[in-house]
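Trainee: May I request a close look at a single part of this model, namely the place where the ligand is bound?

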Amino acid sequence: MSALNRASVSRHLLTARPTSTGIVHLGLGNFHRAHQAVYTAQAGDGWGILGVASRSAAVADAMNSQDGLYSVLELSPGGSSISVPGVHTGAIVAASNPAAVVDAIAAEDTRIVSMTVTEHGYCMDPSTHRLALDHPGIVADLAGTTPSTVIGQIARALERRAETHGAPITVLNCDNMQSNGTQTRRLVLEFLQGSKAESWVAENVAFPNSMVDRIVPATTDAYRAAAYELLGVHDLSPVPAEPFTMWVMEDRFAAGRPAWEPGGAVFSDEVEAYELLKLRLLNGTHSLIAYLGALDGHATIPEARATGFIESAARAVLEDEYLPTVALPREFDIDAYIASLFERWSNDALGHRTQQVGSDGSVKLPQRIPSPALELLRQGVMPEHLALTCAAWLCCVVPLSGFDPGPHARAMVDPARERLGALAAHSRSTEDLVRSAIGQVFSTELAESNDFARRVSDYVAVITRDGVRAAAREAARSRTSRPHASPAA
Ligand code: CS2
């Protein structure tokens, strides 16, 4: 059986042949491989990417054994298609070779370092948005060991650039975070505070903000088999993806960039508006669908979205609670955008799992819930469905004793599971647990809203006692008593 490589791949499927490595990308997960890599391949101007996997060697090994290649399997109810971006010049693993990561970012030929390391990868305190100085990795990196955190690796490499050749570079955050470039700049400068490199970084390194979007499930054997059907050769690591893709970023690059426009990238001075829109309407609603779906026994997002009470809750949170808190980009067709979201969530050929979207809620939800919740609370409006999202998440990851959230919730991975379990063990009441969880995971300001914490704990109690459908019914009742919302001016 033949394997995918440059000799075996059908010419018409292969998009690019890089001539040099101008980009070092941290986070070689499926999202990067179906998003930025595809745009870079479509640029066709010779830029190559060195992929850096965080911990697991599986993807890097697979790609290295396939001449850097892998396929992107586009799936929709209308059919499937495949392509091979072919833009990576190699792949390494940060955990087993952290020094090589610093060397690669520091190399004079590297003009962009980009990242998709998930919200989790930035070692940021969610309440203050500052570097978590008590994070063991940050403590070690600041003490001068070979850096193991992403911020430490970037900062040390920039320091080396400042001390040696001095070539400017762009740091491009492609994670789902509000003002992702600005936040990364702050974290890196905080790491370098007081060092000689601080002012060099401030002047020579660009940190554009970007909004990234494409729904990309995890690879399974079923996707490997589907890729084989279309490729005719075996790919160890294909990436399943929806057809939709969107990338909006600021055109502030310190040392050039690929021509990402032919792939559809948009350069805009309104990135923050796009970010908020996406983080709230897409990601925030996605979380609600995932938690309600998992608690109602659904394995996939399309299954959950097709369930009447979940669709109603999704529309309510999106239209009444997220939409009024965002200012739309100029000439933006919001009705078409909302319609496309519901269509994307219905993609049953993709089979995106509730467990995947529900995982890491403790680091994803802080980007999605506290700001809109506080905004509505300040206006005197109780964000019932944001409270329901928090409650459903808590019921999935820290179920009260005697409550079984079901297999999809149990399979959710969350870095705060243990911490929340300990909080639960020491809490006097559900409200006490909810308040501490909101304070520690989301924001102290939101925890100080007694009404919100009480509402979340009411929903936790209803889900635990009467089930998730009863809780959603209760949230829905609040909708009818409120005027229809419109986006912020
Ligand atoms: C999802 C995102 O897992 C999640 O939390 O909301 O991964 C979502 O699929 C992407 O951001 C889409 O661009």
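Trainee: How far is an oxygen atom of the ligand from an N or O atom in the side chain of Lys 278?

Mentor: The distance from that side-chain atom of Lys 278 to an oxygen atom of the ligand is 2.6 Å, which falls under the definition of a polar contact (a pair of N or O atoms within 3.5 Å). This is a predicted model, in which local features need pLDDT of at least 70 and side-chain atom pairs pLDDT 80 or more, whereas totals for chains, interfaces and linings use all residues. Residues are numbered from 1 along each chain as its sequence is written, and side-chain values use heavy atoms, without hydrogens or water.

Two further side chains approach the ligand through polar atoms. In Asp 213, such an atom lies 2.6 Å from a ligand oxygen; in Asn 283, the distance to an oxygen atom of the ligand is 2.9 Å. The ligand on its own has 340 Å² of accessible area (Shrake-Rupley method, 1.4 Å probe), and the protein covers 89% of this.

The surrounding shell (residues with a heavy atom within 4 Å) also includes Asn 176, Arg 214, Ile 215, His 286, His 352, Val 357, Lys 364 and Arg 368. By class, the shell holds 5 charged residues (Asp, Glu, Lys or Arg), 2 nonpolar ones (Ala, Val, Leu, Ile, Met, Phe, Trp, Tyr, Cys or Pro) and 4 polar ones (the others, Gly among them).

Two helices (DSSP runs of H or I, at least four residues, numbered from the N terminus) each supply at least two shell residues: H10 (271-295) and H15 (361-368). Helix H10 gives the most, with 3 residues.

Conventions. A polar contact is a pair of N or O atoms within 3.5 Å; within protein, one must be able to donate a hydrogen and the other to accept it, and residues adjacent in sequence count only if both atoms are side-chain atoms.
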